[in-house]
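Trainee: I should be grateful for a close look at a single part of this model.

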Amino acid sequence: MALPLPTSLSPSKVSTFKDCALAFRFSAIDKLPEPPSMPAVKGTTVHKALELLFADDASDRTPARAAECLDLALELVRADEEYIGLQLSEADADAFAADAVVMLERYFQLEDPRRVHPVGTEMMLETHLGSLLVRGIIDRLEEDEHGDLVVTDYKTGRAPSPAQEQSRLGGVHFYAFLCEKVLGRRPARVQLMYLGKQPQIITTTPSEQSIRGMEKKVGAIWSAVERACEHEDFRPKKSPLCNWCSFQAYCPAFGGDPDVARALGAAALQPAEVPVDLTVDLAPVAGVAD
Ligand code: SF4
């Protein structure tokens, strides 16, 4: 019996499929719940603070105002179930907030937000490639001094080594592709803004070739997903990323049984209707920040 196809593809799903087809299946098809991740929740907090900052007039976007935005973001996040699920001690909660403060300080090392002309923040763009729905959320879209579009993606994890830069830019090329399809304008620049240790901005210029290349790549990945669903053939691909994978307990590469994951995902969606043994422990998780 074929597995159900996912309803859409996003940059993170494309990246997950490329990294490990089985992890993609667990997440996008089995919809296995994942434990909350401290780096991911911290990233959400900093993204929210910057979103609030860019809602203000340009002249008000000062470090002092950013600190107020962060306080508000923390207040919002503390009420969220992902944050609550982290079950932080008082000391850990203080460290969490302190890390977010440092990331915002690093942000101001990289640019002056008073000089940025935002078109939108946290913008959901979606389009169809044939029957496939392709979607992505752009952290910030702005116009530069020439009126050209610039896509910015905030990253709260560590900046990549020079050898990893091109692969990390795959996601932003995806956003450039979405901009051109949805807004009819190709961005002049797409950039990754790293707010972790050694903050830096990595920039690339989309071209006709890179946009068409991304369109082809998304189509090819979708075909591979369709084939994998049809044949129920999602294979594990061991790599250093396994150390942060939430699904190790179900992964055959680590002695697990993927069918247990499938039943667990079904149980999470329909808890009253699907009888299943839920005794498998979730692997400890140290998620990777986006
Ligand atoms: S543990 Fe590694 S091989 Fe297994 S599903 Fe996760 S990423 Fe893939």
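Mentor: Let us begin with Ile 138, which, apart from its neighbours within four places in sequence, is in contact (heavy atoms within 4.5 Å) with Thr 121, Glu 122, Met 123, Leu 125, Val 151, Tyr 175 and Cys 179. This is a predicted model, in which local features need pLDDT (the predictor's confidence in each residue, from 0 to 100) of at least 70, side-chain atom pairs count only at pLDDT 80 or more, and totals for chains, interfaces and linings use all residues. Residues are numbered from 1 along each chain as its sequence is written, and side-chain values use heavy atoms, leaving out hydrogens and water.

Ile 138 belongs to strand E3 (residues 132-143); strands are DSSP runs of type E, at least two residues long and numbered from the N terminus. E3 pairs with E4 (pairing requires at least two DSSP bridges) in the antiparallel sense over 4 bridges, and Glu 142 has Val 150 of E4 as its bridge partner. The two strands form a hairpin with 5 residues between them, and Gly 147 in the turn has a positive phi of about 85°.

On strand E4 (residues 149-155), 7 of the 7 residues are buried (under 20% relative accessible area, with a 1.4 Å probe and protein chains only), so E4 is largely enclosed by the rest of the structure. Leu 149, Val 151, Asp 153 and Lys 155 point one way, while Val 150, Thr 152 and Tyr 154 point the other. In a regular strand, side chains alternate between the two faces of the sheet. E4 is also joined by 6 bridges to strand E5 (residues 189-194), and these two run parallel. Here Thr 152 stands opposite Gln 191 in E5.

Key. Buried < 20%, exposed > 50% of the residue type's maximum accessible area, 1.4 Å probe, protein only.
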